[in-house]
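User: Hi! Could you walk me through a few spots in this model? I'd like to start with how helices cross.

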Amino acid sequence: MKRALVIGASGGMGYSIVKELSSRGIEVIAFARKLEKLDKMFHDDRNVIIHPGDVFDKKELEAAAYNVDVIFHAINLPYEEWADKLLKLTENVITVAIIQKTKLAIVDNIYSYGRNPGYKVSETIPKNPHTKKGKLRLEMGKLINESGVPNVIVHFPDFYGPYVENGYINYTLRKIVANKKASFVGDQFMNREHIYTPDGAKAIVELALNDDAYGQSWNVPAVDVIKGEEIIQMVRSITGYDKRVSTITKNMIRSLGLFNKQMREFAEMQYLNEDPVVLDGEKYETFIGTVPKTPYIDGLKETIASYQR
């Protein structure tokens, strides 16, 4: 791979993929809507070409994808836009990949797997989504796999890290760094996994560099599961924050959803805070190597430092 395009480059995972590719000496086109944000992130990186644009404009996207080897799809639309825009976005990306004869590396979540089956989820488990968004992600995957475009679809747990604006952990961290009253979404005593975006970026880039990885889906787990209370204790040790951290419950989110469409969509996914899905990384470990696993304390330190900067 000599040249890559990252769409959604100003998001948390997109940013980390751009930096990972650049660190390997690969020329990267960083594509997102806002020039100012792209410039702030990448202006001092000689391997990065900033390309602002609208992913729903096929001509703009095609221009950005000219002569690239792989398109990394890291866009995460707001929940309330999924029904109208997710499949259209997918079709645009596929069309451009076909025109430019390039490969695809897709950042995906765990929604299409559905509910927790009671054990770690491997790539062989049948996908049985029960939510609207899970069904849309499944349909998105089918469109990509039936397109004939060489692709890797990589499933990740919830993200945290620099520039992750919609992650559960980042939501809490922003308040703590600002020394404001903070809340944690979901049961603070429930074990969940959260992947540090630089780890996820390393994993998807390794897959994209391996020709044998294409035509398959892959699960990339976090370093381990962790309770919310453990995260909060770590953050207190890093920052000295001593205020109470309250809990945002599913019922609270539902109540907000009576007046806010985004909250209604958010409420649908709270099953993951009640009976979390945990990924099995055995396939990745067997075929690619050790899954990148930054300890939570180190990932939290760097994420907090990114806010402080």
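Analyst: Happy to. A crossing is called right-handed if the near helix is turned clockwise from the far one by less than a right angle, and left-handed if anticlockwise. Keep in mind that this is a predicted model.

User: Great, so what is the handedness of the crossing of α8 and α12?

Analyst: The α8 and α12 crossing is right-handed.

User: And at what angle do those two pack?

Analyst: Helix α8 (residues 228-239) packs against helix α12 (residues 296-308) at about 55 degrees, and their axes are 10 Å apart. The two helices are therefore oblique to each other.

User: Which residues meet there?

Analyst: From α8 you have I231, M234, V235, S237, I238 and T239, and they meet Y296, I297, L300, K301 and I304 of α12. By type, that contact has eight nonpolar residues, two polar and one charged.

User: Switching to α7: is it largely enclosed or open?

Analyst: Largely enclosed by the rest of the structure, because ten of its twelve residues are buried. Among the buried ones are P198, D199, I204, V205 and L207.

User: How far apart are its end C-alpha atoms?

Analyst: They are 16 Å apart, which agrees with the 16 Å expected for twelve residues at 1.5 Å a residue. The helix covers residues 197-208.

User: Last one: where is S112, and is it buried or exposed?

Analyst: S112 lies in the loop between β5 (103-108) and α5 (132-146). With 2% relative accessibility, S112 counts as buried.

User: What is S112 in contact with, neighbours within four places in sequence aside?

Analyst: S112 contacts K127, N128, P129, G134, R137, L138 and H155.

Methods:
Residues numbered from 1 in each chain as written. Predicted model: local features only at pLDDT ≥ 70, side-chain atom pairs only at ≥ 80, totals over all residues. Heavy atoms only, no water. Axes fitted to C-alpha atoms, helices over the stretch in contact; angles between N-to-C directions. Helix = DSSP H or I, 4+ residues; strand = E, 2+ residues; numbered from the N terminus. Parallel < 35°, antiparallel > 145°, perpendicular 65-115°, else oblique. Contact = heavy atoms within 4.5 Å. Nonpolar A, V, L, I, M, F, W, Y, C, P; charged D, E, K, R; others polar. Expected span 1.5 Å × (residues − 1). Buried < 20%, exposed > 50% of the residue type's maximum accessible area, 1.4 Å probe, protein only.
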